[in-house]
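Let's walk through this model together, one question at a time. Shall we begin with how far each part can be trusted?

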Amino acid sequence: MKPRFVLLYGSQKGQAQAIAEGVAEEAETHGLFAELSCLENNEKYNLETETAPVVFIVSTTGDGEPPDNALKFVRNIKKKTLSSDHYKHISYALLGLGDTNYANFCNCGKAIDRRLRELGASQFYASGYADDGVGLELVVDPWIKGLWNAIKEELSNMTSKQTECVKEEVRDSSKETPDPSTADMQLNLLSIANCQNCKSIGQSEKLANLASPSVSTTQTAGSDLRPDSSSRRIGLSSRTDGALSADAGVASLTHSLPPLSQSALNIPALPPPYLCVSLQEMETTEDVRTIDKNLQEVPISKATQLTRGDSVKTALLLELDISTLPAMTYQPGDAFDVYWPNSATEVEDMLHRLGLQDQRNHRVLISLLKDTKKRGAQVPSYIPQNASLLYLLTWCLEIRSVPKKAFLRALVEYTVDGVQKRRLQELCSKQGTTDYNSFACLLYLLFCLATLCLCIIHAHTCLSTFLSPSIFNSLRYHLYSSCLRHPGKLNFVFNIVEFPACSGRTAGRRGLCTGGLFDLISSRLVLPGNVKSSSKPALPKIHVNLRPTCTFRPPADVSVPFMMVGPGTGVAPFIGFLQQREEQRRQNPLATFGETWLFFGCRHRDQDFLFREELESFVSSGVLSHLQLSFSRDDPEEQEGADETISPTAQRRYVQHNLKLHGRQVTDILLKQKGCIYVCGDARNMAKDVDTTLMEVIKAELGMDQLEAMKTLAALREEKRYLQDIWG
């Protein structure tokens, strides 16, 4: 019997699960057996009595929250009734997945890691934290590579300690004969409890270096990053000599330059197939509601443009009529998904390229291969049963998404041309990471339309390899309308996403969903300054699904003060917050209400100041105590409450500048009055800058050092008083 270890994963969109499944399969090649389980399936594992090494692979979702299938586990280990030696018998390793474009990077993994240590568990291999913002593989692959020796060393240590314990028992046998029914359990617990913490010396420093985005992944020719059977070393024999030389001296999507063009490559192994896919003729297609039982088709009752025509961004407000849907209730701070079909032209193009025009209405049948060895194999839940091929491509698969390296790896198997095969191998290899990141935005133009459907229909490889984590073409928009003020109406605001022309794409284009919504309502759009509703026929219907939140809501206690940071369309949910507060003040005029602050910013006061009249009305009525405005492209000297500490050359002011200007009030509300702060909007820049500013404010106002300020901010997050709803 092969030595065993326990492998547990928590995954929201499938990445952590896929990595865990890959680790389980690779374990076989190292002479090990991995008992793979999802964290929510606690009937399949028992950490209370586990004696083997335990490996955790977990992702983070939302506002630093655990994945849905790890939530119960995290809650259980956080119980205050657990003793400090509750898990002293556990020896573990942990890999966390996250994205530095969002706040609370790898928060779930770090929380589990911290709590296991608090409960006495020891770490046999340093934790790894992979960043999807720069490429998970930069940390994941080296971490997995080092995991095998660490596990084997830990198993060897356990065996040695058990042997020593056995010898000790033998020496003492003349004094007392142990009960044979309990001896093994006693020996295992004793040996594991004595294991030292984190036995692989120096691994923490190595993984810390691997996590740095500046670490190069380029390898010299002939050097294998992963020399085991989980990777394949590709030489230069498949390359047509000179065919890929970049004559212009510039690398492109189809041409590479030295040293990449002259390097031996290390590419990941192709996962074995586990799905059987076929087409069956049928007469009708399935209705869209079969995708999701919670999906609702609702009419648009009004469409308004909030920004002026000369604004850089175009913000639209749509009002949906949900009066006929009594089951669809919501609260301020809730969000919903808009489900939008793929472009009919692009779907037709895919069908044409694959020669499947005549089979568009055939039913797609997917089942598991009878002889599959994949643990936990199941048909993807996002593929509806009995759906037609046309329906699947239109509503279920995000065919515009940038393909991941695993997708490119699969395309290698279907590429006959040696030049194209080599370039695909480069782009999915470790050595080609720089080129992949440079040309990722163009990859779908060449690869997705021509190959995705082929792989699905013939089921040569794992279907899930080719699908984006976000399977549906869904975009999440924030509700801002309170049910107290606008019963039966659902309002949301969004910017039209614009992709400018670039190398390889001669014309700009709009985002699939936002561009589609604009085209749908453009002829009946109410422009700024026009107070009259459109007199034209009712607008079409769209498909939405409510996604309630449990945390991003105003305090239940109206006496608790709170601050809101929402530049641009990030202000949307806070309109709902304030509408609710307005109604609460009307119903309870004698109640004591806490202060409300809103930090809003945009480019120009006169072009894209969203909800200006409504916000000014909230200030006049006292619903909004303080409205702090920042206009990044206007002259700062003309702005109200201009920050005099800003240099005259600094012509742009953002919400974080106003936060810093009012640092004393910020710390007073958050730390003395036990108030809350909410941040909504851009994750890449704004949310990071706000986080940094809050730390600086805490340091300056309370005289703390960096570490103390970080702990204070972390405590606010832990207490759910610093909440973010942000997007990248």
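Q: How many contacts beyond four places in sequence does the model have for residues 444-482, where pLDDT stays under 50?
A: This is a predicted model, and a good place to begin is where its confidence is low. Across residues 444-482 the pLDDT stays under 50. For that stretch, the contacts beyond four places in sequence number 158.

Q: Which element of the protein chain has the highest mean pLDDT?
A: Averaged over the protein chain, pLDDT is 74, and 71% of the residues score at least 70. Among the elements, helix H5 (residues 183-193) has the lowest mean, 24. Residues 173-247 have a pLDDT below 50, with 133 contacts in the model beyond near neighbours in sequence. At the top of the ranking, with a mean of 97, is E19.

Q: Which strands stand at the edges of the open sheet that contains E19, and why is one side of each left without a neighbour?
A: The sheet has 5 strands with parallel pairing, in the order E21-E20-E19-E22-E23. The twist from one strand to the next averages 10°. Each edge strand has a single partner, so one of its sides has no neighbour in the sheet; these strands are E21 (626-631) and E23 (722-727).

Q: Which residue in E23 stands opposite Gly681?
A: Strand E22 covers residues 676-682 and pairs with E23 in the parallel sense, over 6 bridges. Opposite Gly681, the residue in E23 is Ile726.

Q: At about what angle to E19 does helix H18 run?
A: Helix H14 (residues 572-587) packs on the sheet and touches strands E19 (562-565), E20 (596-602) and E22, its direction making about 150° with that of E19. Helix H18 (residues 663-672) lies across E19, E20 and E22. For H18, the angle to E19 is about 125°.

Q: Is Leu671 buried or partly exposed?
A: Leu671 is found in helix H18. Leaving aside neighbours within four places in sequence, Leu671 is in contact with Leu702, Thr712 and Leu716. Its C-alpha is 9.9 Å from that of Leu713, a residue 42 places away in sequence. Buried means under 20% relative accessible area, and Leu671 has 21%, so this residue is partly exposed.

Q: How many disulfides does a search of the whole structure find?
A: Cys38 counts as buried, at 5% relative accessibility. Cys676 also counts as buried, at 8%. As for disulfides, the search of the whole structure finds 0.

Q: Which element gives the largest share of the largest nonpolar core?
A: This core has 31 residues, and those with the most contacts inside it include Phe5, Leu7, Val23 and Ile57. Elements giving two or more residues to it include strand E1 (4-10), helix H1 (15-29) and helix H4 (137-171). The largest share, 9 residues, comes from H4.

Q: Which residue of strand E4 (91-98) is in contact with Ile57?
A: Leaving aside neighbours within four places in sequence, Ile57 is in contact with residues including Leu7, Tyr9, Ala16 and Val23. Strand E4 covers residues 91-98. The contact of Ile57 that falls in this range is Leu95.

Q: Which residue in E2 stands opposite Leu7?
A: In E1, 6 of the 7 residues are buried, so this strand is largely enclosed by the rest of the structure. E1 runs parallel to E2, and 6 bridges join them. Opposite Leu7, the residue in E2 is Leu36.

Terms used:
Residues numbered from 1 in each chain as written. Predicted model: local features only at pLDDT ≥ 70, side-chain atom pairs only at ≥ 80, totals over all residues. Heavy atoms only, no water. Pairing = 2+ DSSP bridges. Helix = DSSP H or I, 4+ residues; strand = E, 2+ residues; numbered from the N terminus. Axes fitted to C-alpha atoms, helices over the stretch in contact; angles between N-to-C directions. Contact = heavy atoms within 4.5 Å. Buried < 20%, exposed > 50% of the residue type's maximum accessible area, 1.4 Å probe, protein only. Disulfide = S-S within 2.5 Å. Core = buried A, V, L, I, M, F, W, Y, C linked by side-chain atoms within 4.5 Å. pLDDT = per-residue confidence, 0-100.
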